[in-house]
Amino acid sequence: MHPLTHFNAAGEAHMVDVGGKPPTRRSATAEGWIRMAPDTLARIREGGHGKGDVLGVARVAGIMASKRTADLVPLCHPVALSHVDVALEPRDDPPRVHCRVTAGTVGPTGVEMEALTAVQAALLCVYDMCKAVDRGMVMEGIALVHKCGGRSGEWARDAGDGDAAAGEGGRPSRIKG
């Protein structure tokens with residue numbers, strides 16, 4: 001088990017020193033979804049929502065949030081992102097919008113937090129744009145799916161876990177690289 005690196009010997013929170021770590025290519029993918037009423041999903045699909053292109057605005061919100069992660073999470077390092085891909089997909093059973101984000105960098109620290117922050121922000125944006133017609137929406141299943149790069153190597157959720165929307169949780173597994 002790894003030590004809790006965000007605490008010093010006195011048990012105080014501190015920012016981890018990554019200055020001596022070599023830069024490597026790093027990537028992380030996270031996902032989650034927002035459940036909603038069937039009519040809300042239909043409005044999003046048809047573009048019949050009064051506030052505009054819900055998925056387009058949510059995509060931009062996710063990208064913007066990924067770039068601001070260090071401003072939101074106190075001990076997170078600012079990361080120079082090389083790319084962020086935000087994919088939003090309407091799904092029917094149950095009615096929801098699924099979000100999957102992949103973030104990448106070449107640097108001394110990973111981008112798991114950036115991918116997770118982007119998922120949260122994109123889903124919050126969907127909620128914000130649709131709350132006038134559906135305040136009962138619920139964000140769920142937000143989790144890291146895969147990461148690679150750095151000293152810890154590659155990690156992925158077990159292949160059989162599938163979309164957690166089906167009620168299945170993920171179990172972490174380390175991939176030997």
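# Reading a chain, from a helix end to its core

Visitor: Which residue follows α1, and is its phi positive or negative?

Guide: Let's begin with the general idea. Most residues other than glycine have a negative phi, and most peptide bonds are trans. In this structure, which is a predicted model, helix α1 is followed by Gly47, and the phi of Gly47 is positive, near 70°.

Visitor: You mentioned peptide bonds too. Which residues does a cis peptide bond join here?

Guide: Look at Asp93 and Pro94: the bond that joins them is cis, with omega at about 0°. To find the spot, go to the loop between β2 and β3, where Pro94 lies.

Visitor: Let me step back for an overview. How many helices and strands does the chain have?

Guide: There are four helices and six strands. Walking along the sequence, you meet them in the pattern β-α-α-α-β-β-α-β-β-β. The chain has 177 residues, and buried ones make up 36% of them. As for the surface, the chain exposes about 9800 Å², with carbon and sulfur atoms supplying 56% of that area.

Visitor: And how do I read contacts along the chain? What share comes from residues 24 or more positions apart?

Guide: Take the contacts with a separation of 6 or more: residues 24 or more positions apart account for 65% of these.

Visitor: Back to α1, please. Which of its residues are buried?

Guide: First, a useful rule. An α-helix has 3.6 residues a turn, so residues three or four places apart point the same way. Now for the case: α1 spans residues 38-46, and Thr40, Leu41 and Ile44 are its buried residues. Seen down the helix axis, they fall within an arc of 95°, so they line one face of α1. On the other side of the helix, Pro38 and Glu46 are exposed.

Visitor: What covers those buried residues?

Guide: The cover includes two helices, α2 (54-67) and α4 (112-130), together with the strands β2 (81-91) and β3 (96-107).

Visitor: That sounds like a core. How many residues are in the largest nonpolar core, and which have the most contacts inside it?

Guide: In soluble globular proteins, nonpolar side chains tend to be buried together. Here the largest nonpolar core has 30 residues, and those with the most contacts inside it are Met36, Ile44, Leu88, Val97, Cys99 and Val126. At least two residues of this core come from each of β1, α1, α2, β2, β3 and α4. Helix α4 gives the largest share, nine residues.

Visitor: Let me zoom in on one of these. What is Met36 in contact with, leaving aside its neighbours within four places in sequence?

Guide: Met36 touches Leu41 and Ile44, then Pro95, Arg96 and Val97, and also Val126, Asp134 and Met137.

Visitor: Now for charges. How many salt bridges does the count come to?

Guide: Side chains of opposite charge can pair when their charged atoms come close. In this chain the count comes to seven salt bridges. One of them is formed by Arg100 and Glu31, whose closest N and O atoms are 3.1 Å apart. This pair links distant parts of the chain, with Arg100 in strand β3 and Glu31 in strand β1 (residues 24-35), 69 residues apart.

Visitor: Is Glu31 buried or exposed?

Guide: Glu31 has 10% relative accessibility, so it counts as buried. Its partner Arg100, at 34%, counts as partly exposed.

Visitor: Which residue forms a salt bridge with Glu140?

Guide: That would be Arg35, with the closest N and O atoms 2.7 Å apart. Glu140 sits in strand β4 (residues 138-148) and Arg35 in strand β1, and the two are 105 residues apart. Glu140 is partly exposed at 26% relative accessibility, and Arg35 is partly exposed at 32%.

Visitor: And what about a pair inside a helix: what separates Asp39 and Arg43?

Guide: They are four residues apart in helix α1, so about one helical turn separates them. They form a salt bridge, the closest N and O atoms being 3.3 Å apart. Asp39 is partly exposed at 48% relative accessibility, as is Arg43 at 31%.

Visitor: One last stop: where is Arg157?

Guide: Arg157 is in strand β5 (residues 154-157). A polar atom of its side chain lies 2.7 Å from the backbone oxygen of Leu144. The C-alpha atoms of Arg157 and Leu144 are 7.9 Å apart, while along the chain the two residues are separated by 13 residues. With a relative accessible area of 26%, Arg157 is partly exposed.

How values were computed
Residues are numbered from 1 along each chain as its sequence is written. This is a predicted model: local features need pLDDT of at least 70, side-chain atom pairs count only at pLDDT 80 or more; totals for chains, interfaces and linings use all residues. Side-chain values use heavy atoms; hydrogens and water are left out. Buried means under 20% relative accessible area, exposed over 50%, partly exposed in between (1.4 Å probe, protein chains only). The arc is that of the directions from the helix axis to the C-beta atoms. Contact means heavy atoms within 4.5 Å. Accessible areas come from the Shrake-Rupley method with a 1.4 Å probe; for residues, only the protein chains shown count as cover. A polar contact is a pair of N or O atoms within 3.5 Å; within protein, one must be able to donate a hydrogen and the other to accept it, and residues adjacent in sequence count only if both atoms are side-chain atoms. A salt bridge is a side-chain nitrogen of Lys or Arg within 4 Å of a carboxyl oxygen of Asp or Glu. A nonpolar core is a set of buried Ala, Val, Leu, Ile, Met, Phe, Trp, Tyr and Cys residues joined through side-chain atoms within 4.5 Å.
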